[in-house]
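This report goes through one protein model. It takes up confidence, backbone geometry, a sheet and a pocket in turn.

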Amino acid sequence: MPGITPAVIAQTDPWTGTWRAENKPNGGRVSIVMELRIGTPAQGVLFPAQIKLQYGKFSGTYEVLLAKKTDTQLGLGRGKYPIEQSPFKLGIWMLYLNGTLDYKNGELSLRRVWIDKGDIFMRGLYEDDEIWVSTKVDLRDFLYRQSITFRKINNTPWTHPDTRRIIDPDPDRDSVYFGLYQRIRSNSKSVEIQVEDQEKYDRDTVTLLHNGRVIFSKTEINNSNRRQVVELDSGRNIFTIFADNYGGLPPNTGELLIKIDGEDYHLNFTARPNVYATFLAADIYYNAAQGKNLTGRASERTTTPLATLEVDTANVTLELWDGQVEDGDSISLRLNGEWITTGFPVKNKLQKIPVRLRPGENSLLFMADNLGSIPPNTSELRIRYGTKTKTVGLSTDFKKNNEIKLILKE
């Protein structure tokens, strides 16, 4: 199933940080505690997240993809990849944890899209060991129907090496599917889209966004579905289709068709890994300077060294912003020969890119994707390592890259 080339983008937002919800089943003394740790987003749209669930002797840790639907809603991905579960597994019951996380008055409330299937509800209750049946029932009911409201504990974004495989999986290395389809490269600035219902018209409704911009909202799938042409942004384009409901014949059976360079691509809620999903996401990369790959274009330009910096921590945060007029600049960033973000839009608003260094010398290469409306491509870069920072100015164009060397002390 899908995979994607790298791109890690972080923005200041109300979502990132750690959230906590508690529920005492049947008024008991022991609480079910769920923590939701949200990392910095890609394109301001896709959020890597970790769920930690604790109840008595049960503990579970899961990775999940979240997607911004509105300024006050995050869609909750179908796939909750288990990192650890003990002393038993929740399995298919994690499907109940779906829908949207609605932000209001500093809290996140879960709004489920209901799944009413007996075989899911009863499955796995007596597996493992019957001594855990009571605990399983409480957890199942919590996931299925209990009110869940999160309150924020801190604003620190969740950081972990796995965040990248959630929002920017490498198809040659990452096999876990979180709802984000494999990246497609487009040679054309325009793509054609269409939404269809794969089964009967049963009042399924969907919402479609492009890089967070609404194409249509809560629209019923029917015979009059629109075809339309969408202009791509330079760099990364995230198309996110949300199942607003499951219609009269659950689940939602909508499908998004995208025609790119004469080829058809399908995002399908009826595919087995997507059944009862809240959203699906497509990743399309468009660069006006098509024709050669990134590495080839980088090698044809001269590289200007800007700084060499000794650091004492492997975890470094790059903070980027346009200190002048926001004019549509975007850049690509390579770390030690590997492209870790492409089509990164440089904005007046500070954005963060967390990177992890290897011991010894590390090379950061910055390459212009475009020149914006006011050439050259310029931005401010602050390197944050531990309690220290270093700020440099970037200036790149179609003839010149910038390079910074970071030396990690062994």
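## Confidence

In this predicted model, confidence is highest in strand 3 (residues 32–38), with a mean pLDDT of 98, and lowest in strand 1 (residues 10–11), with a mean of 38. Residues 1–11 have pLDDT below 50, although this stretch makes 71 contacts in the model beyond near neighbours in sequence. Where pLDDT is low, the predicted coordinates should not be read in detail. For the protein, the mean pLDDT is 87, and 92% of the residues reach 70 or more.

## Backbone geometry

Most peptide bonds are trans, and most residues other than glycine have a negative phi. Two cis peptide bonds are listed below.

| Cis peptide bond | Omega | Place of the second residue |
|---|---|---|
| S86 and P87 | about 5° | P87: loop between strand 7 (81–86) and strand 8 (100–104) |
| P250 and P251 | about 0° | P251: loop between strand 16 (235–243) and strand 17 (254–260) |

Q43, a residue other than glycine, has a positive phi, near 60°. Q43 sits in the loop that runs between strand 3 and strand 4 (46–55).

## A five-stranded sheet

Five strands form an open sheet in the order 11-19-16-13-14, and their pairing is mixed. At the edges are strand 11 (184–186) and strand 14 (213–220), each of which pairs on one side only. On average, neighbouring strands of this sheet are turned by 20° against each other, with direction ignored.

At one edge, strand 14 pairs with strand 13 (residues 205–210) in the antiparallel sense, over five bridges. In this pairing, H210 lies opposite R213 of strand 14. Strand 16 belongs to the order of this sheet, and the loop that holds P251 lies between strand 16 and strand 17.

## The largest pocket

The largest pocket holds about 820 Å³ of space. Its lining counts 31 residues, and those closest to the pocket centre are H160, P161, P354, V355 and R356.

Which elements supply at least two residues each to this lining? They are helix 3 (163–167), strand 21 (315–321), strand 23 (338–345) and strand 24 (351–356). Strand 24 gives the largest share, with five residues. P354, V355 and R356, which are among the residues closest to the centre, fall within the range 351–356 of strand 24.

By class, the lining of the largest pocket consists of 13 nonpolar, ten charged and eight polar residues.

Technical notes. Residues numbered from 1 in each chain as written. Predicted model: local features only at pLDDT ≥ 70, side-chain atom pairs only at ≥ 80, totals over all residues. Heavy atoms only, no water. 1 Å grid on protein atoms, 1.4 Å probe; cavity = no way out; pocket = protein on both sides within 12 Å on 5 of 7 lines; lining within 4 Å. Points joined across faces, edges and corners; volume = space filled by probe spheres on them. Helix = DSSP H or I, 4+ residues; strand = E, 2+ residues; numbered from the N terminus. Nonpolar A, V, L, I, M, F, W, Y, C, P; charged D, E, K, R; others polar. Pairing = 2+ DSSP bridges. Axes fitted to C-alpha atoms, helices over the stretch in contact; angles between N-to-C directions. pLDDT = per-residue confidence, 0-100. Contact = heavy atoms within 4.5 Å.
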